[in-house]
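Q: Please take a close look at one part of this model for me. I am new to reading structures, so go step by step.

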Amino acid sequence: MIVDGETADAGGMDEIALPERRAGLLNRRSFLVGSAVGFGALGLAGCATSDGMILAEAAKVYGPIPDEKFPIPAVDIGKVDPKYYRRTVRYETREAPGTIIVDPGNFYVYRIEGDGSATRYGANVGRDGFLWSGDAYVGRKSEWATWTPPKEMIRRQPEAAKYARGMPGGLDNPLGARTLHLYQNGAYTLYTIYASSEPESIGTGVTSGCVGLLSQDMIHLYSRTPVKTKVVVLPA
């Protein structure tokens with residue numbers, strides 16, 4: 001794909017549903033998220049979730065972000081298992097603070113905070129046959145990146161040919177609001193950590209190796225992650 005003017009392959013991304021087919025066969029990238037979740041969640045303000053986060057708090061954390069270049073709607077938190085809500089947890093590791101650790105077997109991404117704690121995010125990960133593990137680092141960062149389907153995808157999905165020169169950033173764009181591009185030894189791995197607008201995908205294996213966080217979580221992680229940050233992907 002072409003990302004912010006640079007050419008790359010979409011490697012780690014799963015099959016993409018183009019905007020006009022969001023309700024059909026390829027609906028995993030519909031990017032249609034609920035914006036009325038706040039009302040229902042606030043009505044349950046006193047009900048704690050199974051992992052201790054109050055639903056009203058979750059509605060606030062995953063509320064709309066109207067000041068973005070493309071305003072981001074609220075997450076329908078009813079489509080996300082509460083155990084995947086963002087939270088601070090105990091996490092013992094020898095990795096330095098700031099390191100990102102991906103745990104695909106449990107659908108979590110951790111940012112190490114030091115003092116035995118980490119910020120934990122729920123994630124979607126690679127489906128069977130596309131999981132990988134190893135060390136990498138953030139070689140590049142993109143906001144509302146342009147996405148270009150690779151030739152292999154165009155052969156599988158001819159309707160993607162209209163984006164052969166790139167799909168501009170936006171809510172329908174598979175890369176979403178923020179993208180961390182993973183590198184090894186100076187080379188782009190084709191894998192990313194990206195912003196997903198599909199709450200129902202969190203906690204599932206749906207991609208070709210990329211890792212997706214809810215848009216609100218990805219923006220939170222992105223803002224705290226400089227280029228060259230170490231990324232550790234654990235075996236599934």
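A: What follows looks at the salt bridges, then sets them beside one helix and the whole chain.

This is a predicted model. The count of salt bridges comes to 6. The general idea is simple. Side chains of opposite charge can pair when their charged atoms come close.

Start with Glu-68 and Arg-178. These two form a salt bridge, and their closest N and O atoms are 2.8 Å apart. Now see where the partners sit. Glu-68 is in the loop between α2 (55-61) and β3 (87-90), while Arg-178 belongs to strand β9 (residues 178-184). The pair therefore ties together parts that are 110 residues apart in sequence.

Are these partners buried or exposed? Buried means under 20% relative accessible area. Glu-68 has 15% relative accessibility, so Glu-68 counts as buried. Arg-178 has 8%, so Arg-178 counts as buried too.

Next, take Glu-92 and Arg-90. Their side chains meet in a salt bridge, at 3.2 Å from N to O. Here both residues are exposed. Set that beside Glu-68, which is buried.

Then comes Glu-113 with Arg-111. Their side chains also meet in a salt bridge, at 2.5 Å from N to O. Arg-224 comes in as well: salt bridges that share partners join Arg-111, Glu-113 and Arg-224 into one network. Cover differs between two of these residues. Glu-113 counts as partly exposed, because its relative accessibility is 24%. Arg-111 has a relative accessible area of 13%, so Arg-111 is buried.

Now turn to helix α4, which spans residues 215-222. Of its 8 residues, 7 are buried, so the helix is largely enclosed by the rest of the structure. The buried ones are Ser-215, Gln-216, Asp-217, Met-218, Ile-219, Leu-221 and Tyr-222. One general point helps when you view a helix. An α-helix has 3.6 residues a turn, so residues three or four places apart point the same way.

Last, step back to the whole chain. The protein chain has 4 helices and 13 strands. Its length is 236 residues, and buried residues make up 54% of them. Contacts tell a story about sequence distance. Take those with a separation of 6 or more: residues 24 or more positions apart account for 67% of them. Glu-68 and Arg-178 link parts that are 110 residues apart. As for the surface, the chain exposes about 10500 Å², and carbon and sulfur atoms supply 53% of that area.

Notes:
Residues numbered from 1 in each chain as written. Predicted model: local features only at pLDDT ≥ 70, side-chain atom pairs only at ≥ 80, totals over all residues. Heavy atoms only, no water. Buried < 20%, exposed > 50% of the residue type's maximum accessible area, 1.4 Å probe, protein only. Helix = DSSP H or I, 4+ residues; strand = E, 2+ residues; numbered from the N terminus. Contact = heavy atoms within 4.5 Å. Areas by Shrake-Rupley, 256 points an atom, 1.4 Å probe, with all protein chains shown as cover. Salt bridge = Lys/Arg side-chain N within 4 Å of Asp/Glu carboxyl O.
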